[in-house]
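Hi,

Here is the structure I promised to pass on. Have a look at it first, and then read on for what turned up when I went through it.

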Amino acid sequence: MGDNDAQISKQNAAAIATRPLWGRGRARCLVVDDESSAIEVVRATLASWDVEVVGASSGREALEMIAQETPDCVILDIMMPAMDGFDVCKKIKERWSDEHIPVVMLTALTGRRERVRAWDVGADDFLQKPIQPMELVARLRSSLVSRELNQKLAEKVQALEVVEKSRVQELRHLTEFLTFADRSLWYFDPNRRDDEAHCQMLLQQLIQRGPKDVTRPAVVLMATKMEQGGYQGFLYTRDGAEIRRYLGPLTITKKRASVLFPPDGEVVYANQNTMGQDDVLSYRFDRFIRRAVGPMQNYVSCALDTVGVVAFNYGSEVGGFAAHLLRSFVLHSSVLRRLANQAHETEEAFVVAIETLARASEANDEDTANHLTRVNEYSRVLALALGCSEEFVRQIHYSAQMHDVGKIHVPREILRKPGRLTDDEWASMIEHPVYGARILGEAPALAMAREIALCHHEKYDGSGYPRGLKEMQIPLSARIVSVADVYDALRSSRPYKEEFTHEKSIDIILNGDGRVEPSHFDPDVLAVFQVRQDEFKRIYAEFRDAPSRLQAAPLEKQANG
Ligand SMILES: [Fe+2]
Ligand SMILES: [Fe+2]
């Protein structure tokens, strides 16, 4: 080429230097070859295109340059000392896998095996030596386009993964909620009167477990509708594994409740960006709630029946899904609460009925209604002290009073006879445990009352009636009631005896007096009786017979129980 030709060529190059190679601005192309002349050939070939050509004379240098600034494509010679093109290509694809840098490998025409190996290490395309300008431009252009497509695809995949992740989380949340629904039904015990424990069990599933738990709220207001309208409730949040009640009781007036809660069974939700700064927030929530919740991001509110719940500050924007879940939560809480209330009402009715039965049976007896109440109370003290289960304690507390229910079949003259009974009279008297068991029947709720009625005159040493059972043959409930019953009989005045002091009664039970002997009683029950005797004294004093107290007793008992 002559000087003039070279001059013209340079001018042409300058005139068309801004020609874009691929319509996305200037491309940066790294050419790696140990022969600098090869780099210059590429540079000259691309001089008329908007391409920045940078050269590296070794694989190591190329990797360093890529680390500094990512090129849009790499043209890579295979035959190089130290690190050949295959190694360099492999390293580029490994280290910058997210960048999708296209690698075009320079191969000899005949290099079929080289091509296969190049595919293996991730090469994107091939250029044959000697380089043809049109081919180089075409290959580069397609590499750049393919890189862009790869990047777009990667972004789409990533976006899909994000969507997928939140879907998966919602699904997991839903599954957990269903498991929770099953579990709360399974563990639901209508006899447990501890509403707070129940409420916390439910909230355990609703309140978020950590910053990543974006589908759950951080703070929950759980309120109960009051009879006179309005609500009363507490704010709850998580403290480690525990649910903590941290503000309340908050009284929500009827007027404010109508703003805070949507109509029965409906759900409302709002996010900060749609709520406006001071607008709805300050209007809906009083300053105690605002101060306790802190900066309010969003909330979901729902009320149903007697339960009102507002969930604040979910980790992400709230929508239909959060609303749906909160409604399920409220529905669930409301149904369980209603079930618990019904169970309590049924139980109260049951207790009232058996109290009435117990009292009716005592009409002919010398005992009084307060004797029954006291025996209930003593038995409860003994059962608690013996470490009996909550359920056992609950049952003995209402079953003990049924011990003499069978006396309804024993003639009044025998029950009230001041002197010794004849053999026939005694035979009739000792039938009362069997009558009692028969009256109480087979109902499961009366099973303990039945065994108490049947066995409260059995004695630990086997000298009792009606069956002469001994020791562990006698049910624990009856072993407890027999101590309670004898203590109370000793304290009371009867047609055939004066009332004894607490101290004398204790002495008779623990040391015997010829009629009552310590061997009659379970030694374990006697041991706790001795330890808890002050409570017996207190109970006797509290429920001491006085005509005016007879009517008041059941109400007091309910209030205490
Ligand atoms: Fe009896
Ligand atoms: Fe009795």
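Ala82 is exposed, because just 9 other C-beta atoms lie within 10 Å and the cut-off for exposed is 12 or fewer. I bring up Ala82 since its phi is positive, about 65°, although the residue is not a glycine. You'll find Ala82 in the loop between β3 (73-77) and α4. Bear in mind throughout that this is a predicted model.

There's another one of these at His100, where phi is near 55°, again a positive value in a residue other than glycine. His100 is in the loop between α4 and β4 (103-107). How exposed is His100? It counts as partly exposed, because it has 18 C-beta neighbours inside 10 Å.

While we're on backbone oddities: the peptide bond from Tyr465 to Pro466 is cis, and its omega is near 5°. Pro466 belongs to the loop between α18 (447-455) and α19 (476-491).

Now the overall picture. The protein has 23 helices and 11 strands, and 33% of its 561 residues are buried. If you take the contacts between residues at least 6 apart in sequence, 63% of them join residues at least 24 apart.

The sheet I'd look at is an open one of 6 strands, ordered β8-β7-β6-β11-β10-β9, with antiparallel pairing. Its edges are β8 (242-252) and β9 (267-271), each of which pairs on one side only. From one strand to the next, the twist averages 15°. For a look at one pairing, try β6 (residues 217-225) and β7 (residues 231-239): these antiparallel strands are joined by 7 bridges, and Thr224 of the pair stands opposite Gln232 in β7.

Which helix lies across β9, β10 and β11? That's α12 (residues 320-361), and it runs at about 35° to β10 (298-304). For reference, β11 covers 307-314.

On to the packing. The largest nonpolar core has 40 residues, and the members that touch the most others are Leu203, Val220, Val300, Val309, Ala311 and Leu326. β11 is the top contributor to this core, giving 6 residues. Val309 is a good place to centre your view: setting aside neighbours within four places in sequence, it is in contact with Val220, Leu221, Met222, Cys302, Leu326, Phe329 and Val330. Apart from that core lies another, of 38 residues, including Ala453, Leu476, Val483 and Phe543.

Last, a helix with two clear sides. The buried residues of α3 (residues 59-68) are Gly59, Ala62 and Ile66. They sit on the same side of α3 because they cover an arc of only 55° around the axis. An α-helix has 3.6 residues a turn, so residues three or four places apart point the same way. What do the buried residues of α3 pack against? Their partners are β1 (27-32), β2 (51-56) and α4 (85-95). On the face turned away from that buried side, α3 carries the exposed residues Glu64, Ala67 and Gln68.

That's the tour. Shout if you'd like to go through any of it together.

Cheers

How values were computed. Residues are numbered from 1 along each chain as its sequence is written. Chains are lettered from A and ligands numbered from 1 in the order in which they are written. This is a predicted model: local features need pLDDT of at least 70, side-chain atom pairs count only at pLDDT 80 or more; totals for chains, interfaces and linings use all residues. Two strands pair if DSSP finds at least two bridges between them. Helices (H or I, at least four residues) and strands (E, at least two) are DSSP runs, numbered from the N terminus. Axes are lines fitted to C-alpha atoms, for helices over the stretch in contact, and angles run from 0 to 180 degrees between N-to-C directions. Two residues are in contact if their C-beta atoms, placed from the backbone, lie within 7 Å. A nonpolar core is a set of buried Ala, Val, Leu, Ile, Met, Phe, Trp, Tyr and Cys residues joined through C-beta atoms within 7 Å. A residue is buried if 20 or more other C-beta atoms lie within 10 Å of its own, exposed if 12 or fewer, and partly exposed in between; C-beta atoms are placed from the backbone. The arc is that of the directions from the helix axis to the C-beta atoms.
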